[in-house]
Amino acid sequence: MSNPALNTAFESLPGTGFTVNGAPIPKNAALTTAGAQLWFTTNWSFLAKFDGELASRSQTYAGTGTLRYAW
């Protein structure tokens with residue numbers, strides 16, 4: 001889908017159609033994910049995860065971390 005425009009309307013209010021324009025979609029983007037888990041003991045661990053979307057003129061990065069206890 002190369003056109004980020006979306007036509008929409010409210011069902012309960014006839015004649016209210018409008019267009020929402022989004023950001024252009026980057027071409028040839030690479031999606032990346034990397035993660036690791038570190039065990040402190042048999043019950044405690046730490047998880048880290050990195051997500052990224054990389055293109056020629058657009059980059060998006062996200063990261064999460066989780067401290068987990070299992071009994």
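Is lysine 49 buried, partly exposed or exposed? With a relative accessible area of 41%, lysine 49 is partly exposed. The views below come from a predicted model, and the lysine turns up again in Figure 2.

**Figure 1. The whole chain, five strands and zero helices.** Start at the N terminus and walk along: the elements read β-β-β-β-β. The C-alpha atoms take up a box of roughly 65 × 35 × 15 Å along the principal axes. How does the radius of gyration of the protein chain sit against that of a compact globule of 71 residues? The chain has 21 Å, while such a globule would have a value near 11 Å. Just 4% of the 71 residues count as buried. About 6,200 Å² of the protein chain is exposed, and carbon and sulfur atoms supply 59% of that area. Now take the contacts between residues at least 6 apart in sequence: 18% of them join residues at least 24 apart.

**Figure 2. Zooming in on the one salt bridge of the structure.** Here's lysine 49 again, this time with its partner, aspartate 51. The closest N and O atoms of the two are 3.8 Å apart. Aspartate 51 has a relative accessible area of 26%, so it counts as partly exposed. Lysine 49, at 41%, is partly exposed too.

**Figure 3. A close look at Trp44 and Tyr69, two members of an aromatic cluster.** The structure holds four aromatic pairs. One of them joins tryptophan 44 and tyrosine 69: the ring centres lie 4.8 Å apart and the planes meet at 50 degrees, so the pair is tilted. Why are two numbers quoted for a pair like this? Because a pair of aromatic rings is described by the distance of the centres and the angle of the planes. Tryptophan 44 belongs to strand β4 and tyrosine 69 to strand β5, so the pair ties together parts that are 25 residues apart in sequence. Tryptophan 44 is partly exposed, with 38% relative accessibility. Tyrosine 69 also has a relative accessible area of 38% and is partly exposed. Add Trp71 to Trp44 and Tyr69, and you have one aromatic cluster.

**Figure 4. A nonpolar patch on the surface, about 880 Å² in area.** Which residues make this patch? They are Leu38, Phe40, Trp44, Phe46, Leu67, Tyr69 and Trp71. You'll spot the three cluster residues of Figure 3 in that list: Trp44, Tyr69 and Trp71. Two strands to look for are β4 (44-54) and β5 (59-69), each of which supplies at least two residues of the patch. Phenylalanine 46 is a handy one to find, sitting in strand β4. With a relative accessible area of 35%, phenylalanine 46 is partly exposed. Patch members need over 30% relative accessible area, so the 35% of phenylalanine 46 clears that cut-off.

**Figure 5. Asparagine 28, a loop residue with a positive phi.** Where does asparagine 28 sit? Look in the loop between β2 (18-21) and β3 (30-39). Its phi is near 55 degrees, a positive value in a residue other than glycine. Is the residue buried or exposed? Asparagine 28 is exposed, with a relative accessible area of 77%. Set that beside phenylalanine 46 from Figure 4, which is partly exposed at 35%.

Methods
Residues are numbered from 1 along each chain as its sequence is written. This is a predicted model: local features need pLDDT of at least 70, side-chain atom pairs count only at pLDDT 80 or more; totals for chains, interfaces and linings use all residues. Side-chain values use heavy atoms; hydrogens and water are left out. Patches are made of residues with over 30% relative accessible area and no salt bridge: like charges are joined within 9 Å, nonpolar side chains (Val, Leu, Ile, Met, Phe, Trp, Tyr) within 5 Å. Accessible areas come from the Shrake-Rupley method with a 1.4 Å probe; for residues, only the protein chains shown count as cover. A salt bridge is a side-chain nitrogen of Lys or Arg within 4 Å of a carboxyl oxygen of Asp or Glu. Helices (H or I, at least four residues) and strands (E, at least two) are DSSP runs, numbered from the N terminus. Buried means under 20% relative accessible area, exposed over 50%, partly exposed in between (1.4 Å probe, protein chains only). The radius of gyration is taken over C-alpha atoms; the globule rule is 2.2 Å times the number of residues to the power 0.38. Contact means heavy atoms within 4.5 Å. Rings of Phe, Tyr and Trp (its six-membered ring) pair if their centres lie within 6.5 Å; planes under 30 degrees apart count as stacked, over 60 as edge-to-face and the rest as tilted.
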